[in-house]
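Biologist: Could you walk me through this structure, one question at a time?
Modeller: Sure, have a look at it and ask away.

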Amino acid sequence: MLAATEVDRNTKRRTAAASAGSLRSRAAGAKKLVKAALALYLYQPTESESEEYHKWYFNTLVWKKTTWMGVPCWKSTADMWNYQEILFELKPSLVIEFGTAHGGSALFYATIMRQVGQPFKVFSVDINHKRLERAARRDSDILFVESSSTVPAIGEHIEHLRSEFPGKIFAILDSDHSMNHVLAEMKLLRPLLCAGDYLIVEDSCLNGHPVLPGWGPGPYEAIEAYEHEFPQDYTHDVARENKFGWTFAPNGFLIRN
Ligand SMILES: C[S@@+](CC[C@H](N)C(=O)[O-])C[C@H]1O[C@@H](n2cnc3c(N)ncnc32)[C@H](O)[C@@H]1O
């Protein structure tokens, strides 16, 4: 039998736990409401169905709930299909990814490349690998490096990998989406990519292209600035960019000249 004071204490504990739980669920509800309101606020309808779909896809955050083999992969499924087609055709020996997050996208590239059937490595860099999931981490075809993508050591690492895995490179920029950072990544890759290598600059859809107008200069503006400085470096693969009617990487499908 519990003493009266003990019963009293237990009741108080249960009441406190219940009210903390209800506070948490109220906070989660409020967060959902804010997200929905924000999506509506950012939604500016146009005549273009593909643009409407793009905005719906982005604003509902469905990309955040997309997984590859159970690991979050923050992409548009249309882009993933496009990348699969590029990887199969290009048959690169080295896939470079800046921006790992959970590792779902690195796992996706490795899965496709294993089917292609030639020796390859996926090199995936992130400034912080705390979110990286075990299912991706244990894939021996992927080399994960925790670092900022723009430090010279990353360039040296790529140079070394290129000699270890000679052949084409498929590189994808999906880390810090500020203009200056993306521009620095493009410049870092400049001496490392050869004619025929492929570069995707992701999330150039930010800052009103067509999502999140007012976000500030991002990947789209980085591509423009790079091309202003080095106009001869890349050819735009417009056919692939337009293939599925929309992409998170507008203007960002680039083939090195
Ligand atoms: C959009 S997420 C990557 C998503 C992932 N590629 C996918 O498709 O699932 C961006 C990642 O870039 C990383 N990041 C931010 N700044 C960085 C930097 N300076 N260098 C490398 N990675 C960075 C973040 O830690 C984050 O995990």
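Biologist: Let's start at the ligand: which residues come nearest to it?
Modeller: Keep in mind that this is a predicted model. There are 19 residues around the ligand. The ones that come nearest are Trp 74, Lys 75, Gly 99, Asp 126 and Asp 174.

Biologist: How far is a polar side-chain atom of Asp 126 from an oxygen atom of the ligand?
Modeller: Asp 126 is among the residues that come nearest to the ligand. Its side chain puts a polar atom by a ligand oxygen, and the distance is 2.6 Å.

Biologist: And which side chain has an N or O atom 2.8 Å from a nitrogen atom of the ligand?
Modeller: Don't pick Ser 149 here: that residue uses a backbone N or O atom, 3.0 Å from a ligand nitrogen. The side chain you want, with its N or O atom at 2.8 Å, belongs to Asp 174.

Biologist: Now the sheet. What is the order of its strands?
Modeller: The sheet is open, has 7 strands and shows mixed pairing. At its edges are β5 (142-146) and β8 (234-236), each of which pairs on one side only. On average, neighbouring strands are turned by 20 degrees against each other, direction ignored. From one edge to the other, the order is β5-β4-β3-β6-β7-β9-β8.

Biologist: Do β3 and β4 run parallel or antiparallel?
Modeller: Strands of a sheet pair through backbone hydrogen bonds, and both directions can occur. Here 5 bridges join β3 to β4. Along them, Ile 96 stands opposite Phe 123, and Glu 97 has Ser 124 as its bridge partner. The two strands run parallel.

Biologist: What about β8 and β9: parallel or antiparallel?
Modeller: This pair is joined by 3 bridges, with β9 covering residues 253-256. One partnership to look for is Tyr 234 with Arg 256 in β9. These strands run antiparallel.

Biologist: Why is β3 described as largely enclosed by the rest of the structure?
Modeller: Check both of its faces: Leu 94, Ile 96 and Phe 98 are buried on one side, and Val 95 and Glu 97 are buried on the other. β3 is called largely enclosed because of its buried count, which is 5 of the 5 residues.

Biologist: And how many residues of β4 are buried?
Modeller: Again, go face by face. One side has Lys 121, Phe 123 and Val 125, the other has Val 122, Ser 124 and Asp 126, and they are all buried. The count for β4 is 6 of its 6 residues.

Biologist: Which helix lies across β3, β4, β5 and β6?
Modeller: Look for residues 104-116, running at about 170 degrees to β3. That's helix α4.

Biologist: Which element gives the most residues to the largest nonpolar core?
Modeller: That core has 28 residues, and Ile 96, Phe 98, Phe 123, Ile 158, Met 186, Leu 189 and Leu 199 touch the most other members. At least two residues each come from β3 (94-98), β4 (121-126), α6 (152-164), β6 (169-173), α7 (179-189), β7 (198-201) and α8 (219-229). The element that gives the most, with 5 residues, is α7.

Biologist: Which residues does Leu 189 touch, if we don't count residues up to four places away in sequence?
Modeller: Leu 189 is one of the core residues that touch the most other members. Setting aside those sequence neighbours, its list is Ile 96, Phe 98, Ile 158, Ala 171, Leu 173 and Leu 199.

Biologist: Is Asp 233 buried or exposed?
Modeller: You'll find Asp 233 in the loop between α8 and β8. Its relative accessibility is 5%, and buried means under 20%. So Asp 233 counts as buried.

Biologist: Which side chain makes a polar contact with the side chain of Asp 233 at 2.4 Å?
Modeller: Two side chains are worth checking. Arg 256 makes its polar contact with the Asp 233 side chain at 3.3 Å. The one at 2.4 Å is Tyr 226.

Biologist: Last one: how does Glu 224 count in terms of accessibility?
Modeller: Glu 224 has its place in helix α8. Its relative accessibility is 42%, which falls between the 20% and 50% cut-offs. So Glu 224 counts as partly exposed.

How values were computed:
Residues are numbered from 1 along each chain as its sequence is written. This is a predicted model: local features need pLDDT of at least 70, side-chain atom pairs count only at pLDDT 80 or more; totals for chains, interfaces and linings use all residues. Side-chain values use heavy atoms; hydrogens and water are left out. A nonpolar core is a set of buried Ala, Val, Leu, Ile, Met, Phe, Trp, Tyr and Cys residues joined through side-chain atoms within 4.5 Å. Buried means under 20% relative accessible area, exposed over 50%, partly exposed in between (1.4 Å probe, protein chains only). Helices (H or I, at least four residues) and strands (E, at least two) are DSSP runs, numbered from the N terminus. Contact means heavy atoms within 4.5 Å. Two strands pair if DSSP finds at least two bridges between them. Axes are lines fitted to C-alpha atoms, for helices over the stretch in contact, and angles run from 0 to 180 degrees between N-to-C directions. A residue is near a molecule or strand if one of its heavy atoms lies within 4 Å of it. A polar contact is a pair of N or O atoms within 3.5 Å; within protein, one must be able to donate a hydrogen and the other to accept it, and residues adjacent in sequence count only if both atoms are side-chain atoms.
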